[in-house]
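The exercises below are worked from the sequence and the structure. Try each task before reading its solution.

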Amino acid sequence: MTTEEPGGASSASGDERSPTGPDDGRVPPGPDGYPVVGSLVEYAGDPFDFEREVHREYGDVVSKLLDARDEAGHGMTDRQVRDEMMTLLLAGHETTALALTSTFFLLAQHGDVEATLVAELDRELDGEPPTVADVGDLPYLERVVKESMRLYPPVPGIVREPVEDDEIGGYHVPAGVTVGMSQHVVHRDPRWYDDPMAFRPERWTDEFERSLPRLAYFPFAAGPRRCIGDRFAMLEARLVLATILQEYHLELVSSPSLDLRPSITARPRNPVWMQVHERDGTQWEAAEMEAEASAD
Ligand code: HEM
């Protein structure tokens, strides 16, 4: 997925620096000592001095990018590292946020699914915070996320350009044309999905998955340019859902329609408002919290 830098690229000349940035070429650290990510978008100085000195020891993504070497032993320029990081942030953040938004939106309207999911979490986690090691023991949770991304794929369509003439489904496709493929449309096709508009995580049995044609489900696209963050996204989404749902029920208090605004991602046109209720045994106790579960 290509992403455009908000605010556009900036040069290293002092005059064009963010007014909030320091003059010594470093990204200002946040309160926890980590660089403030927002500043990286605007900042014109050398943001990686800070990383070189402080961050490497944590073995995080930035450190790994700074350490990466190609076959000839060359590392990336700072600009390349920054661009890679922006791609990871922009490709990875909103997509996963949208997947979580639609999952909470669907759960709020399907109490039976939520109850089954919460029962699985209670049974397998026994009140402990979920860890990476636990997600394999939460098959219903995985089905919920898959079904949510079937109905609301965060990326609703992709395009490809054939390098040579081809024939697809009886249609002649000349080289160089733009071919669009829509997850949003294919995922709701009754040829592959029985009762396609229904939110039914139960449908995702191993047998069902084996029976699906390969590209009848492709939230992360396919081929050499498929998403490189797919496993990370699935892990992150499951951990976030398990952590929140163990303790809270999210009640939908805005429109029961997402009214999607298709673009590179499919965002709800309006904020999705949820009221958070603390879970206490079989009772939902209203908590004094309100969350905006939209990606805006
Ligand atoms: C639910 C979450 C996500 C969804 C639905 C998603 C979906 C996609 C799709 C459909 C593409 C292909 C776009 C195209 O072919 O035009 C893509 C590419 C990409 N994704 Fe994701 N993504 C998600 C999460 C992430 C995360 C968490 C990361 C990184 C941490 C990430 C990084 C990337 C990158 C770098 C590409 C470009 C790959 C390339 O062009 O070789 N994505 N993603």
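**Exercise 1. The shell around the ligand**

Which element gives the largest share of the shell around the ligand?

Solution. The largest share comes from α4, with 7 residues. Helices (H or I, at least four residues) and strands (E, at least two) are DSSP runs, numbered from the N terminus. This is a predicted model, in which local features need pLDDT of at least 70, side-chain atom pairs count only at pLDDT 80 or more, and totals for chains, interfaces and linings use all residues. Residues are numbered from 1 along each chain as its sequence is written.

Step 1: take the whole shell. 21 residues surround the ligand (a residue is near a molecule or strand if its C-beta atom, placed from the backbone, lies within 6 Å of it). The closest are G92, T95, C227, G229 and A233.

Step 2: assign elements. Two or more shell residues are given by α4 (78–109) and by α9 (230–247).

Step 3: sort by class. Ala, Val, Leu, Ile, Met, Phe, Trp, Tyr, Cys and Pro count as nonpolar, Asp, Glu, Lys and Arg as charged, and the others, Gly among them, as polar. On that basis the shell has 14 nonpolar, 5 polar and 2 charged residues.

**Exercise 2. The chain as a whole**

How many helices and strands are in the protein chain, and what percentage of its 296 residues is buried?

Solution. Step 1: the protein chain has 9 helices and 9 strands.

Step 2: apply the burial cut-offs. A residue is buried if 20 or more other C-beta atoms lie within 10 Å of its own, exposed if 12 or fewer, and partly exposed in between, with C-beta atoms placed from the backbone. Buried residues make up 24% of the 296 residues.

Step 3: look at contacts. Two residues are in contact if their C-beta atoms, placed from the backbone, lie within 7 Å. Of the contacts in the protein chain with a separation of 6 or more, 59% are between residues 24 or more positions apart.

**Exercise 3. α6 against α9**

At what angle do α6 and α9 pack, and which residues make the contact?

Solution. Step 1: compare the axes, which are lines fitted to C-alpha atoms, for helices over the stretch in contact, with angles that run from 0 to 180 degrees between N-to-C directions. For α6 and α9 the angle is about 115° and the axes are 10 Å apart.

Step 2: name the arrangement. Angles under 35 degrees count as roughly parallel, over 145 as roughly antiparallel, 65 to 115 as roughly perpendicular and the rest as oblique. α6 is therefore roughly perpendicular to α9.

Step 3: list the residues. L141, E142 and V145 of α6 meet M234, A237, R238, L241 and A242 of α9. By class, this contact has 6 nonpolar, no polar and 2 charged residues.

**Exercise 4. α5 and its two partners**

Which residues does α5 use against α6, and which against α9?

Solution. Step 1: α5 and α6 pack at about 145°, with axes 8 Å apart. V113, T116, L117 and E120 of α5 make the contact with Y140, L141 and V144 of α6. The classes are 5 nonpolar, 1 polar and 1 charged.

Step 2: the axes of α5 and α9 come within 10 Å and cross at roughly 95°, so α5 is roughly perpendicular to α9. Here L117, V118, L121 and L125 in α5 meet A242, L245 and Q246 in α9. This contact divides into 6 nonpolar, 1 polar and no charged residues.

**Exercise 5. The loop between α5 and α6**

Are D126 and G127 buried or exposed?

Solution. Step 1: locate them. D126 lies in the loop between α5 and α6, and G127 is found in the loop between α5 (111–125) and α6 (139–151).

Step 2: count neighbours. D126 counts as exposed because it has 8 C-beta neighbours inside 10 Å. G127 also has 8 C-beta neighbours inside 10 Å, so G127 counts as exposed.

Step 3: check the backbone. D126, a residue other than glycine, has a positive phi near 50°.

Step 4: look across to helix α9, where T243 is found. G127 and T243 are 116 residues apart in sequence, yet 9.7 Å apart in space, C-alpha to C-alpha. Not counting residues up to four places away in sequence, T243 touches P129 and P130. T243 itself counts as partly exposed because it has 14 C-beta neighbours inside 10 Å.
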